[in-house]
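Please open the structure in your viewer and keep the selection panel at hand. The tour below goes from one selection to the next and says what is there at each stop.

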Amino acid sequence: MKVILLVASLLLLTLVVPAPQSAADIVFKNGNIYTANEQSPKAQAIAVKGDKIVFVGTNEAAQKFVGTNTRVVDLKGNTVLPGFTDSHQHLSGVGQREMTLNLEGTTSLEDLLAKVKARVDQAQPGQWVTGRGWIETHWKPAVFPTRSDLDTVSPNNPVILGRADGHGAVANSAALKLAGVDKTTPNPFGGEISKDKESGEPNGMLLDSAQGIVRRHVPPTTRADEERAVELGVKRDIELGWTQIQDAGGSFADVDIFKKLYAAGTIKLRIYKAVYGPGPNATRLMNEGPTIGAFGNRLTVRSIKVVSDGALGSRGAALLGPYSDSPDTSGFLTVKVEDLRPMLVEALRKGIQVETHAIGDKANRFILDEYETALKAVPPAERKVTDPRWRVEHAQIVNPADIPRFAKLGIIPSMQPSHAIGDLFFAPKRLGIERLAGAYAWESFIKSGVVVPGGSDAPVERGEPMIEFYAAVARKDQTGFSGEGWHPEEAVTRNQALKMFTIWPAYAAFEEKLRGTIEVGKLADLTILSADIMTIPAPEILKTRNVMTVINGEIVYEGS
Ligand SMILES: [Zn+2]
């Protein structure tokens, strides 16, 4: 009897345990898996060996990949998506926001002051208190904070706090005094020192380049601080479920930091990096050539970031007509054509991607024209990369006549859903109702035949995947509000939103064969969530948590 049992169980073992070479390292079972692969959109189980997916299918069929050393993860019905990508983020800015006073989500002036007071109470005498992330538009009343507000909680320590969008900051009297700013200080080029209308004294708000007058006096960050910022940014991103971020601008100094941290094994997030141009960083990238897939397909540097105009909030976005609430201005372009043109031509010849910040309808038309001219000047046979996949970052306000030009030219609009649900509170004033047709026009773009990679632009926005996904499908603010001119028809479907954060960013990074869907042979990047964001009511998306992040087959974050 015993012998029969032994034989039977041996037989069973040989049936169930795979040969060592086909056993997986990890098998994920009992998942509610959305693959973003149209051929087989749903699954229950995934097997991973090394950095790749080796099986996608049913729990039963996955069993044949379970060997003696295989880790089996019971997903208990949690929702699994291809690893989410933030197509537009500023990684070190996200980290710096963590290192200084993080003011994102501040609900009122009182809330802001309470946070500042708590920090000042911990500070040494004379130590600077810096921070970023406040947005006054949801406060009541919706007005900028002043230096006198800050003086009530920090009479002695210098304080400077950036608005989330980076285009303004408020400083207290101690900070202004250190910088020598008073009623006689003139506005610098490209900036404004806000002054009280009656007394003429500075009120604490510093716009655009005027921030520099005070920021110069903040002790500089060290290389160690910058490395720490990257580590903290990566930690936050991974906890939130991002598996790759596309870092929209910066320099080779950033690249050196990434390389050091990858080599030391302290960061695991994938980074698709652009450097600013025209200028020395762009020139260096074109001379040295791109870096593709270093550190286990984690680091790619093959893109130049151009900034062609400002932002809508500060009326720096370049418009085809005047601002509706300020008829004497229509914004301004921020790149010189004579610098841009030769760079675009060289980038095509050398196989370098170009991604350009364009917010206003004039900036969008300008960059489409410039891209078109360069594409004509360098025909496919003379390009190092035939299909260069150039991008427009933001593509926020686009004249409807220009929308089809993206598909025609093969240009990718890289867009940030959270910008719409924040900006649409003031965009109708800036633009008038009519120009909002073609603003944040995600669905029109998709219907025109382009892919729309989605991003957050953090730290300009919070940088949370669930806020972005919700904004894309709901096109309402986080309380469910949507007003006149919000164009609800531009919201996307859940399936489209899934692609915006998975396969479309992969395409925009030339990585669609490598990642972006859950398919055999692709890199094992997974974002695992507490709820099914493909079916739950939209407001519940905002309550959904990331429970596990997998990059290159490694569980890099596991929530409690
Ligand atoms: Zn940005």
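A residue counts as buried here when its relative accessible area is under 20%, as exposed when that area is over 50%, and as partly exposed in between. Please keep in mind throughout that this is a predicted model.

**The zinc ion**

Begin by selecting the zinc ion together with His88, His90 and Asp457, which are its protein donors and lie 2.1 to 2.2 Å from it. The two histidines each contribute their NE2 atom, while Asp457 contributes OD. Along the chain these donors follow the spacing H-x1-H-x366-D. His88 belongs to strand S8 (residues 84–89), whereas Asp457 sits in the loop between helix H17 (442–448) and helix H18 (465–474), so this pair ties together parts that are 369 residues apart in sequence. With the cut-off above in mind, are His88 and Asp457 buried or exposed? Both of them are buried.

**Aromatic pairs**

Next, turn to the aromatic rings, of which the structure holds 13 pairs. Select Trp134 and Phe144, whose rings form an edge-to-face pair, with 6.1 Å from centre to centre and 80° between the planes. Trp134 lies in strand S10 (residues 129–134) and Phe144 in the loop between S10 and helix H5 (147–153), so the pair ties together parts that are 10 residues apart in sequence. If you show the surface, Trp134 counts as buried, at 0% relative accessibility, while Phe144 is partly exposed, with a relative accessible area of 36%.

Then select Phe84, Trp242, Phe469 and Phe501 together, since these four residues are listed as one aromatic cluster.

**Arginines over rings**

Two further selections each place an arginine over the face of a ring. In one of them, Arg284 lies over Phe252, at 4.1 Å from the ring centre. In the other, Arg389 lies over the face of Tyr507, at 3.8 Å from the ring centre.

**The cavity**

For the last stop, which residues line the largest cavity? Select Pro82, Gly83, Arg515, Gly516, Thr517, Leu523 and Asp525, and you will have its lining in view. About 30 Å³ of space lies in this cavity, and the count of cavities of 30 Å³ or more comes to one. If you colour the lining by residue type, you should find two nonpolar, three polar and two charged residues.

Key: Residues numbered from 1 in each chain as written. Predicted model: local features only at pLDDT ≥ 70, side-chain atom pairs only at ≥ 80, totals over all residues. Heavy atoms only, no water. 1 Å grid on protein atoms, 1.4 Å probe; cavity = no way out; pocket = protein on both sides within 12 Å on 5 of 7 lines; lining within 4 Å. Points joined across faces, edges and corners; volume = space filled by probe spheres on them. Nonpolar A, V, L, I, M, F, W, Y, C, P; charged D, E, K, R; others polar. Phe/Tyr/Trp six-rings, centres within 6.5 Å; stacked < 30°, edge-to-face > 60°. Helix = DSSP H or I, 4+ residues; strand = E, 2+ residues; numbered from the N terminus. Buried < 20%, exposed > 50% of the residue type's maximum accessible area, 1.4 Å probe, protein only. Lys NZ or Arg CZ within 6 Å of the ring centre and 35° of its normal. Donors = N, O, S within 2.8 Å, 3.2 Å for Na, K, Ca; no water.
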